[in-house]
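Reader: I would like a close look at one part of this chain. Please keep it brisk and give the cut-offs.

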Amino acid sequence: MDSTISAYTEKLKEMSMLSLICSCLYSQPHHQPISHFEDMEVKSLNKRTSGQAFEIILNSPTDLSPDRPQSLYLAAHKKEPSLENLQKKLDAAEDRRRNLEKQILKQLSQKREHERKVLNKAHEVNNNYSRLAEEKLNHKMEVNNENRTAYLTALKQRLREKELHATEVRKNKELQTELSG
């Protein structure tokens, strides 16, 4: 008897939340039952000035009519798992774990392959840049050497010409000093 009373008080606590929800959703009073909850039926009464009123009708726990909804708790515990079902579920879980492991390994290998490609491309770009910079530097050094040798050759040529001119001037001066003197 005490368990039945405690069950009903527990249901009434749940019904207060239900009544709050129903009063928010249905502002018009309903004369037909609003809800069935296990062995309980809730009917809305006419709206009062203080708010919504409900009538709660408790059915006897022995009422097993087919139109009465059965307890979800009982339906969930009726079926006991068999060893075969448990084994199938364990096998399915193991397959899922293996597939997930394969997928993760595949993603990791793809990521490593991508990193390898990126590193190879970076090395290739770096090598190309180094090669181009070296070629440019060698070309610049060749041009500088050519310019330097050309400059030195031109300078030597001018010095030879000056030397020839100086020797010519000396000869002319000697001739003049001999002629005048």
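Author: Here is a look at the long helix α3, with its setting in the chain. The model is predicted: local features need pLDDT of at least 70, side-chain atom pairs count only at pLDDT 80 or more, and totals for chains, interfaces and linings use all residues. Residues are numbered from 1 along each chain as its sequence is written, and side-chain values use heavy atoms, with hydrogens and water left out.

Helix α3 covers residues 83-180. Helices (H or I, at least four residues) and strands (E, at least two) are DSSP runs, numbered from the N terminus. UniProt, in an unreviewed entry, lists residues 83-117 as "coiled-coil region". Such annotations may be inferred rather than shown by experiment; their positions follow the numbering used here, and feature names are shortened. In the model, that span is 100% helix and 0% strand. Its end C-alpha atoms lie 50 Å apart.

I104 lies in α3. Its relative accessibility is 41%, so I104 counts as partly exposed. Buried means under 20% relative accessible area, exposed over 50%, and partly exposed in between (1.4 Å probe, protein chains only).

Now the setting. The chain has three helices and three strands. Their order along the sequence is α-β-β-β-α-α. Of the 181 residues, 8% count as buried. Strand β2 (residues 40-44) has four of its five residues buried, so β2 is largely enclosed by the rest of the structure.
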